[in-house]
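User: I have a structure to learn from. Please explain the terms as we go, using what the atoms show.

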There are 2 protein chains.
Amino acid sequence: MKISEVSRRTGVTATTMKYYLREGLVHSGERVGSNQTAYDETHVRRVKLVRALIETGGLSIADTKQVLATLDADDMSLAHTFEAAQHALGVGGASSGTGRPESRDRIAALSTEHGWRTTAENPGFDVAARALDAFSTIGFAPSDEFLDAYASAAATIARADLAALTTRDRPELVAELMVVGTVLGDALIAGLRRLAQENETAELFPVHTTIHNEKDAK
Amino acid sequence: MKISEVSRRTGVTATTMKYYLREGLVHSGERVGSNQTAYDETHVRRVKLVRALIETGGLSIADTKQVLATLDADDMSLAHTFEAAQHALGVGGASSGTGRPESRDRIAALSTEHGWRTTAENPGFDVAARALDAFSTIGFAPSDEFLDAYASAAATIARADLAALTTRDRPELVAELMVVGTVLGDALIAGLRRLAQENETAELFPVHTTIHNEKDAK
């Protein structure tokens, strides 16, 4: 098929598609004749995947490349695919850095309490520890109950994530869902959290409660 | 204090601090003498907040501005602050768009099953529906059990979020935690999810399981 057909099928403009090709995010088509290139179903599928990672997952081009390289690797154990994907993915927009030692210790203790077997290289330690650090900048010290609720929720989600993997019968489909699911699951839980928050807010704070900001507190 | 002192206290370089001032993310200091500006504790606090939103939360400058405007608003009910913050925040890096109608319907049904009272304007519908759309691009149709697990996790988190708000005794501190917590909670759950996933993966996929990618499936 022509590039215009790929564009129609994926909702990605021809200009963007050419950009993906140039960046190596999508494999080249086949030259047919002096001035034409033919694309096939593998291109449609790949363009949709790239679009999902970039637009919904919020990944950068560089991170998308790394994720795709993980998927394209010839020979990788599923555990290693997951590990590689987690490292490539990070968390949308998050800065690098490891977080303060006391924050890391607290996340490690939480992980131990929940009986999680993890390795020190898991990027989740950095991401969670940095979130604790950032909370402390507004003087909020999360209680044990707060962190425990988050960890329980994380365990519930992770079990669902892994159960979903077992429904796929080809290893490359499992790997694809591991990688894409890591990104999209973050978006799904963020969306549902906002819905659940509205419900809880309505119960706790009737609309007529008014804040009077203290200007001098700024 | 001088800008160098704010820099030392916040870990933000003077160059970045000047950028924040220029963009109006941080309020101006007080002119003292012809070539000096004095900053105080309110600047330190604000710079830390901006840094947390941008670096850990992954917000853009524009989104950060909108969030700060919500916090600086003189007179707003807490319910309205939460609503405004949710709209400003979106989800790190996510594209705009409302998702396909069938995806929105499925999220609405899920919300109803969990007894959530929400409004149609809640941005969580868009975010969650787009995640479902993106899952479908790789041929993954989330089961009811999968979505139910995510919704239960979201409810657990939202209850913890709201309980945390009740520990703050001044309305402006409640508002600040609402806004900052919406961003940082996304990062916290994403980090913990990666830790819980590693634990689940180790159980399900022993390291020696190897994938042989089918080249022709690409």
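User: Why is the pair A:Arg193 and B:Asp186 called a salt bridge?
Analyst: This is a predicted model. In it, the closest N and O atoms of A:Arg193 and B:Asp186 are 2.9 Å apart. The cut-off for a side-chain nitrogen of Arg and a carboxyl oxygen of Asp is 4 Å, so the pair counts as a salt bridge.

User: How many salt bridges are there between chain B and chain A?
Analyst: The count is six. Residue pairs in polar contact number 26, both partners at pLDDT 80 or more. On the side of chain B that touches chain A, helix 9 (residues 171–204) gives the most, with 30 residues. By class, that side has 57 nonpolar, 32 polar and 24 charged residues.

User: What tells you the size of the interface?
Analyst: Interface size is often given as the accessible area lost when the parts come together. Here chain B and chain A bury about 10,200 Å² between them. Carbon and sulfur atoms hold 65% of that. The contact takes 113 residues from chain B and 112 residues from chain A.

User: How do you know that the span of helix 3 of chain A agrees with its number of residues?
Analyst: Helix 3 covers residues 41–56, which is 16 residues. At 1.5 Å a residue, the expected span is 22 Å. The end C-alpha atoms are 22 Å apart, so the two agree.

User: What makes A:Val44 of that helix a buried residue?
Analyst: Buried means under 20% relative accessible area, so A:Val44 falls below that cut-off. Other buried residues of helix 3 include A:Leu49 and A:Ile54. The buried residues pack against several helices, among them helix 9 (171–204) of chain A and helix 7 (124–137) of chain B.

Terms used. Residues numbered from 1 in each chain as written. Chains lettered and ligands numbered in written order. Predicted model: local features only at pLDDT ≥ 70, side-chain atom pairs only at ≥ 80, totals over all residues. Heavy atoms only, no water. Helix = DSSP H or I, 4+ residues; strand = E, 2+ residues; numbered from the N terminus. Expected span 1.5 Å × (residues − 1). Buried < 20%, exposed > 50% of the residue type's maximum accessible area, 1.4 Å probe, protein only. Contact = heavy atoms within 4.5 Å. Buried area = accessible area lost by both parts, 1.4 Å probe. Polar contact = N/O pair within 3.5 Å; in protein donor to acceptor, adjacent residues only side chain to side chain. Nonpolar A, V, L, I, M, F, W, Y, C, P; charged D, E, K, R; others polar.
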